[in-house]
Amino acid sequence: MADELNKVINESGIEIKTLYTPEDIEKSGGVDDSRSGEPPFTRGIHAEMYRKRPFTMRQYAGFANATETNKRFQYLIANGQTGLNVAFDLATQCGYDSDAPEAFGEVGRVGMAVDTLKDFEIAFDGIDLEKITVSLTINGTAAILIAMYLAMAEKRGYDLANLRGTAQNDILKEFIGRGTWIFPVEPSVKLVADTIEYCAKNAPKYSPVSVCGYHIRESGSTPAEEMGYAFSIAKAYTDLALERGMDIDAFAGRLSFNFNIFGNLFEQVAKFRAGRRHWAKIVLDGYGAKNPKSGWLRMIAGGGGFGLTIEQPENNIMRGAYYALVGALSGAQTMALCCYDEAYTIPTPKAQRLSLRTMQLLIEEIGLADTVDPLGGSYYIETLTNEMEDKIVEAMDWVDRQGGIVKAVSDGVIQAKVSEHAFRRQKDLESGAQRKVGVNCYVDEDDEVPDVDLHPYDEDGGRVQNEALKEVRKSRDQTEVDRSLDVLLDDASSDRNVMPALIAAVKAYASVGEMTKILGDVYGRYDEPIRF
Amino acid sequence: MSAEKIKVLIAKPGLDGHDVGAKIIVRAMMEAGFDTVYSGLRRTPEDIVQLAKEEDVDVIGLSILSGSHMPLCRKMRELLIDAGMADKLWVVGGNIPKRDRLPLANLGFRGVFPTETRLHDIVDFIRENASWPMN
C-alpha cells in the first residue's frame, strides 16, 4: 500500500525507482560507453564541449522598429551576449505589411516590424555578422526573411560561403503550437525544403531550419513527445530534401533544434542525452550519412516559459536558475532563458540582464563548463536515458501510425492530442495533483498576483514604420519590383525553388506583404482543422 | 437554462497565435456539458460575429494574449450590437491588466478572466450568467 502511495511517474510516463543500480542500466538497454564527439554523441557532439567553448547565450529580443531593435541589440552585445535572437511582430510573422488592415494595432508590438530589406539594413547596422551569430525567429515568412538576411549580408560584403546564422523556419510545429502559419501544410513544407536546398548550395554554413520541440512542449506535450515529434518533423524536411536528389551529408549537419528546459531536471537531462543518441542513429544508420557531423543534434535549449508563474513571480528567478542548470547539463550549443517577469510583461532590461547573468555564473562560478556531461555514468541518468529513448521512439511510432507528421498535422490529430495533454496538465495544476510552488502549495493569504504590465502600444511607432515603408515604395525602382514579383509568381507556379526569385525581389525592395501575397495566390491559405 | 442548452463560442481574434489557453477553455466548456464551438486562429471580429450568429450561441468568449484586447473588444461590441447580440453573454480572457478590467466590463464584457483564473470559476460564471440578459 505504502509503495502505491509513493509511486513516482515522470511526465513522459516512466516510473521512477527509489534507488538505481548498475543492474537497472543493464536491464534498460545497457551501458553506453561512447565518448563525447563520437557517434552516437550521447554525451555531447564535441569532444571537449564547454571546456573549449561554453554555450552561446542568446536572449530573445527585438521590438518596435529596426532602429529601436538595433539599440537593444547593441545593449545586449555590450553586456557580453554572443548571439542575437530576433523577435518579429505578428504582421511580419503572418506576412502582412505594416500598412495592411490586418496589421492594425500590431506593428512593432511583439517584435521588430519588417517590411523591406531597408529594415534589415538598419537593424543590423554596425553589428559584425561574423562575430555575432543571428537567429531569426521566423516561420510563416521564413523563406522571405532568410532571403533578406542573405541579401543584406551580401550587400555588406560578407562571403555567403562563410556566413553563419540560424532561422527558426520550422513550419510544421507552427501548426501544432505557436500558430503563425500562412499557407496549407504541403506548400509550407515545400518552402522549408527550398530554403534547405538553397542554403546547402549557396550558404552552406547557414542553418536554415531549427526544428522546435520547444513550442510543442509549451503547448502540452510530454518531454519525450517533444523530442519524438521534433524528430518526426525533421525527418519530413529531410525526406523532401532527399527527394530533390540532395545528398544527406550536404544538409543534415546544418539542421538544428530547439528544445525546452522546464520540468524535472533528471528527466530533461536524460531527454537530451537520449535525443542526441537517437538523432545520430536516425541520420547515420537510418539515412546512411557518411559524415559523422551530419548526425549532430545541434541545439538551443532554453526558455522554460510554461514553467514560470504569475503567482509569486520572484520564484521564477530561482526556477530560471534551475532551468539554466538543466540547459548547461544538457550539452546544448546555445542557451536562452525566459525572464522572471515574462509571465506578465515584455522583459525589462534588468530582467534580461539577470537571465544573462544566471547563465554566466553557471560557467564562471559553479563549474558547469569544467567537464563534459557531468551526470553521465550516474545509474539513474544512464537508465533514464535508455528509457527516454524508448519513449521518444514510441512518440515517433505514434506519428507514423497517423500516416506521418504531414498527415497528422493536416488532419489535426496531433494538435488534438497535444491540446488534450494541455487540458490535463491544467487540471492537474488546479487540483494540486501536479505540485506548483506558490500556485497550489505554499500559497500565502496575502500574496498578490502582479498586475499585467503591457508595453503601451506605440501608435507613433506604427505611423513611423508606415511612413518609412511609403518612402521605400516611392524611392525603389517599381519596374524592377514588378519584374521580380513576376518571376516569383512564375517560379512558385512551376514548383521551382523560389529562393532565387525571393532574393531578387528582396534586393529590389519588394515588401514582405507583396511577396507573401504572390505565394498565397499560388499556394492558397491554410484552413485550420478544428478537432478536439 | 439547463447546462445542456448553453451554447458557447470560444474565439481568437487578431493575429495572436497563442491558442493553448483557448483550447483548454474549449475542453473545459465541453466537459461542463456546454455545446461548444471554437473559431480557430486569426479571425477578424467580423468573422467571429458571423460565426456567433450562424451558430446561434448564448455565450461569446474571446481569448486575447497579444495585449490588443481593448481595441478588439471595442470593435466586437459595436459589431455584436449591430448583429442584435447584445443580450448574449460576452466574456474575455487573457493577459489583461487590472486597469482594463472595468473598461471591458463597461463595454459589456461581463466576465473578464486574467490568465491565472481557474477553469471551474469560468465554468461557474458561465453557468450562472448565460441566461441573464444584459441590463
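This is a short viewer tour of a predicted model, moving through chain A, over the contact with chain B, and into chain B.

**Stop 1: the sheet of chain A**

Start by selecting the strands β3, β12, β11, β10 and β9 of chain A, in that order. They form an open sheet of five strands with parallel pairing. The edges are β3 (56–57) and β9 (210–212) of chain A, each of which pairs on one side only. In general, strands of a sheet pair through backbone hydrogen bonds, either parallel or antiparallel.

For a closer look inside the sheet, pick residues 256–260 and 298–303 of chain A. These are β10(A) and β11(A), which pair in the parallel sense over five bridges. Which residue of β11(A) is the bridge partner of Phe259(A)? Ala301(A) takes that place.

**Stop 2: two helices across the sheet**

Keep the sheet on screen and add residues 315–330 of chain A. This is helix α13(A), lying across β11 and β12 (334–337) of chain A and running at about 170° to β12(A). Now add residues 349–364 of chain A, which make up helix α14(A). Helix α14(A) lies across β3 and β12 of chain A, and its angle to β12(A) is about 140°.

**Stop 3: a helix pair in chain A**

Next, select α10 (residues 223–243) and α15 (residues 379–401) of chain A. Their axes are 8 Å apart and the helices pack at an angle of about 50°, which makes α10(A) oblique to α15(A). The two helices cross in a right-handed way.

To see the contact itself, show side chains. From α10(A) come Ala224(A), Glu225(A), Met227(A), Gly228(A), Tyr229(A), Phe231(A) and Ser232(A), and from α15(A) come Met388(A), Lys391(A), Ile392(A), Ala395(A), Met396(A) and Val399(A). Colour them by class and you should find nine nonpolar, two polar and two charged residues.

**Stop 4: helix α20 of chain A**

Move along to residues 499–507 of chain A, helix α20(A), where Met499(A), Ala501(A), Leu502(A), Ile503(A), Ala505(A) and Val506(A) are buried. What do these buried residues of α20(A) pack against? Turn on α5 (117–123), α6 (142–155), α8 (185–202), α19 (478–493) and α21 (512–523) of chain A to see their partners. Following α20(A) is Tyr509(A), with a positive phi near 65°.

**Stop 5: backbone details in chain A**

Two loops deserve a backbone view. In the loop between α2 (22–28) and β3 of chain A, find Pro40(A). A cis peptide bond joins Pro39(A) to Pro40(A), with omega about 0°.

Then go to the loop between α7 (171–176) and α8 of chain A, where Arg178(A) sits. Its phi is near 95°, a positive value in a residue other than glycine. Is Arg178(A) buried or exposed? Arg178(A) is buried, because 25 other C-beta atoms lie within 10 Å and the cut-off for buried is 20 or more.

**Stop 6: where the chains meet**

Zoom out and select the contact between the chains: 29 residues come from chain A and 26 from chain B. On the chain B side, helix α1 (residues 20–31) gives the most, with six residues. By class, this side of chain B has 12 nonpolar, seven polar and seven charged residues.

**Stop 7: a helix pair in chain B**

Stay with chain B and select α2 (residues 45–55) and α3 (residues 69–82). These helices pack at about 40° with axes 10 Å apart, so α2(B) is oblique to α3(B). Their crossing is right-handed.

The contact joins Pro45(B), Glu46(B) and Val49(B) of α2(B) to Leu72(B), Lys75(B), Met76(B), Leu79(B) and Leu80(B) of α3(B). Of these residues, six are nonpolar, none polar and two charged.

**Stop 8: from Asp56(B) to strand β4(B)**

In the loop between α2 and β3 (59–64) of chain B, click on Asp56(B). Asp56(B) has a positive phi of about 50° although it is not a glycine. Asp56(B) is exposed, with 11 other C-beta atoms within 10 Å.

Finish with β3(B) and β4(B), which pair in the parallel sense over six bridges. Ile60(B) stands opposite Trp90(B) in β4(B). Six of the six residues of β4(B) (89–94) are buried, so this strand is largely enclosed by the rest of the structure. Rotate to check both faces: Leu89(B), Val91(B) and Gly93(B) are buried on one side, and Trp90(B), Val92(B) and Gly94(B) on the other.

How values were computed: Residues numbered from 1 in each chain as written. Chains lettered and ligands numbered in written order. Predicted model: local features only at pLDDT ≥ 70, side-chain atom pairs only at ≥ 80, totals over all residues. Buried ≥ 20, exposed ≤ 12 C-beta atoms within 10 Å, placed from the backbone. Helix = DSSP H or I, 4+ residues; strand = E, 2+ residues; numbered from the N terminus. Contact = placed C-beta atoms within 7 Å. Nonpolar A, V, L, I, M, F, W, Y, C, P; charged D, E, K, R; others polar. Pairing = 2+ DSSP bridges. Axes fitted to C-alpha atoms, helices over the stretch in contact; angles between N-to-C directions. Parallel < 35°, antiparallel > 145°, perpendicular 65-115°, else oblique. Left-handed = near helix turned anticlockwise from the far one by under 90°.
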